[in-house]
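Visitor: I would like a close look at a single residue and its surroundings. Please take one position, work through it, and then set it beside other parts of the chain.

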Amino acid sequence: MQPARILLALAFVVSLACVAAADERKQLAFEVVDRNAQQMTDIGDSLFYFGELGMQEVESVKLLEDTLKAAGFKVEVGGAGMPTNLWAEYGSGRPKIAIVTEVDALPGGSQTPGTYERKPLVQGGPGHMEGHNTHGGVASLAAFAVKQVMARHNIPGTVAVSFGPAEEQLASRPFLVRAGYFKDVDAIIYLHIRDALATGFGVQNYAAISSVFTFHGKTAHGASNPWDGKDAVDAVELMSIGFDKLREHLRPTYRAHRTITFGGIQPNIIPDKGQIWWFVRDASMPAAKETYDKLLKIAEGASLMTGTTWDVKYAASAWPQLVNKAIAEAIQKNIEVVGVPKWTEQEQQFARDFQKAAEKPVVGLRTAPIPLGGRAQSAASNDSGDVSWVVPAGSLNFPSSVPGIEYHEWKAAVTPVSSISHKGQVAGAKVLAASVIDLLTSPELLQKARAEFEVDAKKTPYFSLLPPDAKPDLDLNRGEMEKYRADLRKHYLGKTPRFN
Ligand SMILES: [Zn+2]
């Protein structure tokens, strides 16, 4: 043979060997997932019944902490000033790959699972009507499977899991980024439940800035001496009207909505306090910030017109999620290998009946993965977006809910502990573990992801919306949670899942 041919043949054999090694590693990860499927769904089911709101994920984080510690992870709880922030790691040094997700529930979401008639487990109580409970088990077990593979095959580097508090209020990730959690991370995969096994790439959703404006005036009798009063609620109204005048001159991509959170006490007392809470959004953070800066001017104008003073308090912010194409391509390959779960006829029938009852298209459960494509940008927001502008980010959705059943509605709390959800979690954990293994073992993939990321990050450099003195709001949802915790406790499963 010619030397060139020998080299070519050799390269072919080596690449075959690499593929075989990669397959062997992933096969081991799949075995670990299958062996621990029950433990994983016990975690997700336990979290469902905890039904904990953002910043109050105490029981959920305790269970995850215990499970991950017992599984051999180094676990930190309470970082970045948030008692329910959990960061777990196995291994050391680079490459370092992190799974990023959340486990918070929603107010009013309590529902008896399995029945699609409205039947709260706890009347008025919080619950998982988006299925974030499923994230806990999938992320933990995938990380454990990666750990087992790293140990068996002497793979260098670190696998990390980040459970950020209060995703539903966009409340934690800017703080995690500021605290430097992602400084030495090479890539992340953001994990979220959906009705499909899917990934995607491009800018996936919207930037959001949330702030509370408070005006301060002077009280007076509404009839006897109104001329002595300075009406802070007038300022609130003028701010609202002022922004409505601006709407015509904003980019068509903008979104802005507000609610009046304090509007006075009774009509014959000129209010010395008025408060209005705003969300400003756009397709990019610089665009959202531009509108937000105009909103600040409007607040100033409203205060001038009424002789009141004002202050503004940062509530939350989120960059849109920037999802990496190179990582998406790697994830998609694993999606094709794992495939969607085989649904039983009973599960398909349940899905169809549920869709019919919810007056949605009766299409049943998806029987194939979604092909890779750029997804249309949605106008919703997720604070994990901030992470995606400081480190290359992939995104993975797993099929644990019923198509057409929208989140943030009690109906979405019907299936998160069902066999449909459980099977979707198994598929999700396998794809996630395999994709983290790809990122850990392929320098070419990391390099490609980094190069793509650099282009986007250069075009729109990340800046934090956090004021320098901003602290996480640890009282967020506290009162609401305390009201229901005793009743929720009656439904706790009392399980202590252990991976093996
Ligand atoms: Zn979510």
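Guide: This is a predicted model. The position chosen is Q377, which counts as partly exposed because its relative accessibility is 34%, and partly exposed covers the range between under 20%, which is buried, and over 50%, which is exposed. Q377 belongs to the loop that runs between α9 (345–357) and α10 (385–388).

Next, the contacts. Apart from neighbours within four places in sequence, Q377 is in contact with V203, Q204, N205, Y206, A283 and P320. G202 is 175 residues away from Q377 along the chain, yet the C-alpha atoms of the two are separated by 8.2 Å.

Two of these contacts can be described at the level of atoms. The side chain of Q377 reaches the backbone oxygen of N205 at 2.8 Å. A polar atom of the Q377 side chain also lies 3.0 Å from the backbone oxygen of A283.

Another loop residue can be set beside this one. N477 lies in the loop between α12 (443–459) and α13 (478–489). N477 is buried, because its relative accessible area of 16% falls under the 20% limit. Not counting residues up to four places away in sequence, N477 touches L53, G54, Q56 and Q169.

The zinc site gives further buried positions. The zinc ion has E130 (OE), H132 (NE2) and H192 (NE2) as its protein donors, at 1.9 to 2.0 Å. Along the chain, the spacing of these donors is E-x1-H-x59-H. E130 counts as buried because its relative accessibility is 9%. H132 has a relative accessibility of 0% and therefore counts as buried too.

That leaves the nonpolar interior. The largest nonpolar core has 68 residues, and F73, L396, L432 and V436 are those with the most contacts inside it. For L432, leaving out residues up to four places away in sequence, the residues touched are I99, V138, A139, A142, I189, L191 and L396. A second core, separate from the largest, has 52 residues, including M55, A98, A171 and L465.

To return to the residue chosen: Q377 is a partly exposed position at 34% relative accessibility, in the loop between α9 and α10. The side chain of Q377 reaches the backbone oxygen of N205, and a polar atom of that side chain lies 3.0 Å from the backbone oxygen of A283.

Conventions. Residues numbered from 1 in each chain as written. Predicted model: local features only at pLDDT ≥ 70, side-chain atom pairs only at ≥ 80, totals over all residues. Heavy atoms only, no water. Helix = DSSP H or I, 4+ residues; strand = E, 2+ residues; numbered from the N terminus. Buried < 20%, exposed > 50% of the residue type's maximum accessible area, 1.4 Å probe, protein only. Contact = heavy atoms within 4.5 Å. Polar contact = N/O pair within 3.5 Å; in protein donor to acceptor, adjacent residues only side chain to side chain. Core = buried A, V, L, I, M, F, W, Y, C linked by side-chain atoms within 4.5 Å. Donors = N, O, S within 2.8 Å, 3.2 Å for Na, K, Ca; no water.
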